[in-house]
2 protein chains.
Amino acid sequence: MLTIKEIAAMAKVSRSTVSRALNNSGYVSEEARKRIDQVIEETGYAPSEQAKSLRTKKTKVIGVILPTIQTETASKIVTGLDKELSQHGYQILLANTNLEKEKELEFLDLLKARQVDGIILIATNTEQALLQKINALKIPVVLIGQEAEDVASVTYNDYHASMEITAFLIEKGHQRIAFIGVDETDRAVGYLRKKGFFDEMAAHTLIVEENWVQRAVFDIDSGHQAMEKIITNSTEKPTAVFAVTDRLAVGAMSYLKQNGLRIPEDIAMISIGASEMSQYVDPALTTMDYQNELAGEKAAKQVLSLIADPSGKKNVVLDYRLIIRDSV
Amino acid sequence: MLTIKEIAAMAKVSRSTVSRALNNSGYVSEEARKRIDQVIEETGYAPSEQAKSLRTKKTKVIGVILPTIQTETASKIVTGLDKELSQHGYQILLANTNLEKEKELEFLDLLKARQVDGIILIATNTEQALLQKINALKIPVVLIGQEAEDVASVTYNDYHASMEITAFLIEKGHQRIAFIGVDETDRAVGYLRKKGFFDEMAAHTLIVEENWVQRAVFDIDSGHQAMEKIITNSTEKPTAVFAVTDRLAVGAMSYLKQNGLRIPEDIAMISIGASEMSQYVDPALTTMDYQNELAGEKAAKQVLSLIADPSGKKNVVLDYRLIIRDSV
DNA sequence: GCCATTTGTGGAATCGATACCATATTTATC
DNA sequence: GATAAATATGGTATCGATTCCACAAATGGC
């Protein structure tokens, strides 16, 4: 590999001068600069980022820890992140946990060893061990999707969004509403969305039958199964179902259709996500748009600002908007 | 930051000894090792990957260049890549071109400057400039989705898959078949899939009306528009449509449904991709499964083997299988 | 008990850049 | 024309690891 030393020799200057020319720091004469530029042009030399960052303590790399790339949410967020980061010369180093919590901790260490300038964590929980590790890290970290004390974050307003969805169903005349959620250690998707639902139901003094509430995991099949349980176990059938993600809703819809139940006439369906798919299933799904790409951009902006000034931690809360289609 | 020097001091040994203990190279006494382990345990020290790779010339990072992360194809491939790479301690550095060809070249340089151990390129073309640069790079590169001379690759059998799809439609009794394709500089998706279609049609001496063939770009909307053109411009309507991607098919279906045409009774629909969505649109889409995750794994395996032995370039061609559902 | 291995350890060079400092030359100021 | 400031350049230390080499101590074989 070509090094600065060889470039210096070829341009008949010292390494210092080449370095100065490269970084536009200090003084370099017209002539020297011209010769250096030409040599670089001819050889296609590019300085080693390795060596550079060993010296400068900056890598221009941001680590991104995510539970999976195979969801639209994740890929939209990453797109948003990349859009903003690449503009500032940063690249993304991926760390995929495959939904294993312990890996989040492992990757935080690994990314530190790789000296990333910042970390973005698409979080699935806010457990103490995680938060402690983040604070011990001394590297800017921004959480997406979960809010936590002392850690910067970009979150969706899960509680209010959930209330609004519930209110929308009630307004449409529904009184018996079922709920398909996920594990509550996921504070945002599991706990807050559920709480929003229950609080809004309570505010309208509507009761929720126990069998109407099912816990699923993050895939379509799981939504299907949850819907099956709701239909087969409940004494009185609900007239609407609130699923916390589009995929769960799609799974639930497939069960309903298979069993001859019409949507929305027999059972209405609503969810959160605004995935591409939600638009093309039949009927088109009424869903809450969380603007994941924007979330990525905001998180990227924040991590960049934290790199410049680590003291300015913020909790950005994003807006949501309901996309009304045909499933309610 | 903690360095090997400090660890050495704390354990009362030299840096050399710590390094040997860390890498299990050379001799280290029981006692010394014990003290070192303890200090590392207490301090949570992790060696700087920066410094390490400056010396060893290995980064354990693989660069992945892709046209977009927002397609299922891409995210499945990345999942497959990560699955295999992470098992061997490699991480992925993302480079998103947003479908801009020139960026592929730029990123190749950038990744070289970052000294990645290998590069995986989810390619959209096989132009000379690209191939030349790849060969000049002296870094293992594996192409996914496009085959090219002198470059390792993992490809789908686009030509044959396309023929099989066409044959399937013909076998089902269709004679007037429309085709929604993409730009032919994309050799695999654009050129080969089209050629497979035309060759198979010709083999059955079936003619393809000019207006039945439309060029679209890679999104749902574009499929919608292409379908509109086919319906409104053709003198005799086709009885089946072959779209080169699921998204295009979904867009086409949405046009057909909006205009009261029944699928498959009036017009049958078939495509390539086996996306999650294809299963839940109405009617469920008959589509060709390309096993993208497997492609990622194979590409990862190949890049790892090229790192070990750069001479063993291969062109792996993957199998496909038709998933027959309700749209034909 | 002597010589040859094996085992254990530290010193110093090195990877490829940056950055500080000293020094030389040119230009400006009065 | 002397002095100060601006411009230009190279030498050298440094970042944090690995690795080679020299050397010392322990072990073994006869």
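Select the residues near DNA strand C, where near means that a heavy atom of the residue lies within 4 Å of the strand. By class, this surface has 10 nonpolar, 10 polar and six charged residues. Ala, Val, Leu, Ile, Met, Phe, Trp, Tyr, Cys and Pro count as nonpolar, Asp, Glu, Lys and Arg as charged, and the others, Gly among them, as polar.

This is a predicted model, in which local features need pLDDT of at least 70 and side-chain atom pairs count only at pLDDT 80 or more, while totals for chains, interfaces and linings use all residues. Residues are numbered from 1 along each chain as its sequence is written, chains are lettered from A and ligands numbered from 1 in the order in which they are written, and side-chain values use heavy atoms, with hydrogens and water left out.

**Stop 1: DNA strand C**

Keep DNA strand C on screen. It has 26 residues around it, and those that come nearest are A:Ile4, A:Ser19, A:Ser48, A:Arg55 and B:Arg20. Of the strand's atoms within 4 Å of the protein, sugar or phosphate holds 61%, and the rest belong to bases.

Now pick out three side chains. In A:Tyr45, an N or O atom of the side chain is 3.0 Å from a phosphate oxygen of DNA strand C. This is a polar contact (a pair of N or O atoms within 3.5 Å; within protein, one must be able to donate a hydrogen and the other to accept it, and residues adjacent in sequence count only if both atoms are side-chain atoms). In B:Arg20, a side-chain N or O atom is 2.8 Å from a base nitrogen of the strand. In B:Arg55, such an atom is 2.9 Å from a base oxygen of the strand.

Colour by element next. Two or more residues of the surface near DNA strand C come from each of α2 and α4 of chain A and α2 and α4 of chain B. Helices (H or I, at least four residues) and strands (E, at least two) are DSSP runs, numbered from the N terminus. The largest share, five residues, is that of α4(A).

**Stop 2: DNA strand D**

Switch to DNA strand D. Here 27 residues surround the strand, and the closest are A:Arg20, B:Ile4, B:Ser19, B:Ser48 and B:Arg55. Sugar and phosphate make up 59% of the atoms of DNA strand D that come within 4 Å of the protein.

Which atoms of the strand do the side chains of A:Ser16, A:Arg55 and B:Arg15 reach? An N or O atom of the A:Ser16 side chain is 2.7 Å from a base oxygen of DNA strand D. For the A:Arg55 side chain, the distance to a base oxygen is 2.9 Å. For the B:Arg15 side chain, the distance to a base nitrogen is 3.2 Å.

The elements that give two or more residues to this surface are α2 (15-23) and α4 (49-56) of chain A, together with α2 (15-23) and α4 (49-56) of chain B. The largest share, five residues, comes from α4(B). The classes here are 10 nonpolar, 10 polar and seven charged residues.

**Stop 3: the two chains together**

Hide the DNA and show chain A and chain B. A rotation of 180° with 0.0 Å of shift along its axis superposes chain B on chain A, with RMSD 0.1 Å (least squares on the C-alpha atoms of residues with pLDDT of at least 70 in both). The two copies are therefore related as by a two-fold rotation axis. Both copies use the same surface, as 100% of the contact residues of chain B recur in chain A.

Select the interface. In contact (heavy atoms within 4.5 Å) are 42 residues of chain B and 42 residues of chain A. The buried area, which is the accessible area (1.4 Å probe) that two parts lose on being put together, summed over both, is about 4,000 Å², and carbon and sulfur atoms give 54% of it.

Two salt bridges are counted between the chains (a side-chain nitrogen of Lys or Arg within 4 Å of a carboxyl oxygen of Asp or Glu). One of them joins the side chains of A:Glu276 and B:Arg247, at 2.9 Å from N to O. On the side of chain B that touches chain A, β2(B) gives the most, with six residues.

**Stop 4: local details**

Zoom in on the peptide bond from A:Ile263 to A:Pro264, which is cis, with omega near 5°. A:Pro264 sits in the loop between α11 (246-258) and β9 (268-272) of chain A. The bond from A:Asp282 to A:Pro283 is also cis, with omega near -5°.

Finish at B:Lys60, in the loop between α4 and β1 (61-66) of chain B. Phi of B:Lys60 is near 60°, a positive value in a residue other than glycine.
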